[in-house]
Amino acid sequence: ALRTLLGLEHPDAGTLLVDGESVVGRSADAVRGIRRHLQLVYQNPFTSLDPSWRVGAIVREPLDRYRVGAPRERAARVAETLAAVGLTRAHAGRRPAELSGGQRQRVAIARALVLEPDVIVLDEPTSALDVSVQADILEVLLKLQVERGLTYLFVSHDLALVRQIADTVSVLRSGRVVESGAVERVFSDPHDDYTKSLL
């Protein structure tokens with residue numbers, strides 16, 4: 001489902017709209033434009049960051065790719081974004097192997113955040129982390145959401161986490177939405193048998 005949303009795969013049927021525009025059947029340039037406003041944080045911070053790059057370059061790379069601002073402006077935005085996720089300028093010079101799992105996931109969040117997207121897609125962003133680190137990452141995400149008015153599309157099998165962070169929920173089974181609605185309604189009064197079995 002995420003690969004379809006990002007225009008990397010085509011759906012077997014139906015349509016998929018981002019900001020009212022179909023992702024399906026668009027040119028590579030058009031999909032690239034959509035992706036600028038729809039950034040992804042992967043599940044595993046231990047494999048999603050290039051180990052040969054320093055943190056500053058990892059976070060700056062989307063700015064370079066989309067040619068956002070002059071080099072000095074890019075450097076300032078990288079520093080500001082690292083600070084927003086709780087990292088310092090000193091972290092910018094380090095490689096991923098020198099960071100903890102929580103710090104790596106903060107780098108991944110900063111990389112997604114640096115283009116100032118409208119939506120951040122989070123694919124099981126805490127599942128590879130220790131429980132105590134999970135809480136820290138959720139705190140960062142919630143703070144950023146309030147400060148920047150972000151929309152999160154949060155993909156998770158952790159129902160307690162979904163209940164804690166989401167406003168609305170869609171339950172998928174084999175790629176099809178079987179139920180959707182406000183979290184409290186779906187969790188307290190599920191209508192679909194599959195949703196009931198999950199709960």
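Student: Which residues does E179 touch, if we do not count residues up to four places away in sequence?

Tutor: Good place to start! E179 touches V169, S170, V171, R185, V186, D189, P190, H191, D192 and T195. Please keep in mind that this is a predicted model.

Student: What makes these residues count as contacts?

Tutor: The cut-off is a distance: contact means heavy atoms within 4.5 Å. The residues on the list for E179, V169 and T195 among them, are in contact with E179 in that sense.

Student: And where is E179, and why is E179 called buried or exposed?

Tutor: E179 sits in strand β7, which covers residues 176–182. Its relative accessibility is 5%. Buried means under 20%, so E179 counts as buried.

Student: How do you know that the side chain of E179 has a polar contact with D192?

Tutor: The side chain of E179 reaches the backbone nitrogen of D192 at 2.9 Å. A polar contact needs a pair of N or O atoms within 3.5 Å, and the value of 2.9 Å falls within that cut-off, so the pair qualifies.

Student: Let's turn to charged pairs. What makes D64 and R74 a salt bridge?

Tutor: A side-chain nitrogen of Lys or Arg must be within 4 Å of a carboxyl oxygen of Asp or Glu. For D64 and R74 the closest N and O atoms are 2.8 Å apart, so the pair is a salt bridge. D64 lies in helix α3 (residues 55–65) and R74 in helix α4 (residues 71–84), so this pair ties together parts that are 10 residues apart in sequence.

Student: Why do D64 and R74 get their labels, buried or partly exposed?

Tutor: D64 has 30% relative accessibility, so D64 counts as partly exposed. R74 has 15%, which is under 20%, so R74 counts as buried.

Student: What else is linked with R74?

Tutor: R60, D64 and R74 are linked in a network of salt bridges. R74 also has a polar atom in its side chain that lies 2.9 Å from the backbone oxygen of V68. Setting aside neighbours within four places in sequence, R74 is in contact with R60, L63, D64, R67, V68 and G69.

Student: R67 is on that list. Why is R67 called exposed?

Tutor: Its relative accessible area is 72%, and exposed means over 50%, so R67 earns the label. R67 is placed in the loop between α3 and α4, and R67 has a positive phi of about 55° although it is not a glycine.

Student: Which other residue has a positive phi although it is not a glycine?

Tutor: E124 does, with a phi of about 45°. E124 is in the loop between β4 (119–123) and α7. With 11% relative accessibility, E124 counts as buried, because buried means under 20%.

Student: How many salt bridges are there in the whole structure?

Tutor: The search finds 8. One of them joins E80 and R148, with the closest N and O atoms 3.6 Å apart. That value is within 4 Å, so the pair counts. E80 lies in helix α4 and R148 in helix α7 (residues 131–148), so the pair ties together parts that are 68 residues apart in sequence.

Student: What makes R163 and E184 another salt bridge?

Tutor: Their closest N and O atoms are 3.2 Å apart, which is within the 4 Å cut-off, so they form a salt bridge. R163 lies in helix α8 (residues 159–165) and E184 in helix α9 (residues 183–188), so the pair ties together parts 21 residues apart in sequence. R163 is partly exposed at 39%, and E184 is partly exposed at 47%.

Student: Now a loop: where is R95, and why is R95 called buried, exposed or partly exposed?

Tutor: R95 is in the loop between α5 (89–92) and α6 (101–113). Its relative accessibility is 31%. Partly exposed lies between under 20% and over 50%, so that is the label R95 gets. The side chain of R95 reaches the backbone oxygen of S52 at 3.2 Å.

Student: What makes up the lining of the second largest pocket?

Tutor: The lining divides into 13 nonpolar, 2 polar and 7 charged residues. There are 22 lining residues, of which Q39, L40, Y42, R65 and R111 lie nearest the centre of the pocket. The volume of the second largest pocket is about 530 Å³.

Terms used. Residues are numbered from 1 along each chain as its sequence is written. This is a predicted model: local features need pLDDT of at least 70, side-chain atom pairs count only at pLDDT 80 or more; totals for chains, interfaces and linings use all residues. Side-chain values use heavy atoms; hydrogens and water are left out. Helices (H or I, at least four residues) and strands (E, at least two) are DSSP runs, numbered from the N terminus. Buried means under 20% relative accessible area, exposed over 50%, partly exposed in between (1.4 Å probe, protein chains only). A polar contact is a pair of N or O atoms within 3.5 Å; within protein, one must be able to donate a hydrogen and the other to accept it, and residues adjacent in sequence count only if both atoms are side-chain atoms. On a 1 Å grid over the protein atoms alone, a cavity is a set of points where a 1.4 Å probe fits but cannot get out, and a pocket is an open set with protein on both sides within 12 Å along at least five of seven lines; lining residues have an atom within 4 Å of a point. Grid points are joined across faces, edges and corners, and a volume is the space filled by probe spheres set on the points. Ala, Val, Leu, Ile, Met, Phe, Trp, Tyr, Cys and Pro count as nonpolar, Asp, Glu, Lys and Arg as charged, and the others, Gly among them, as polar.
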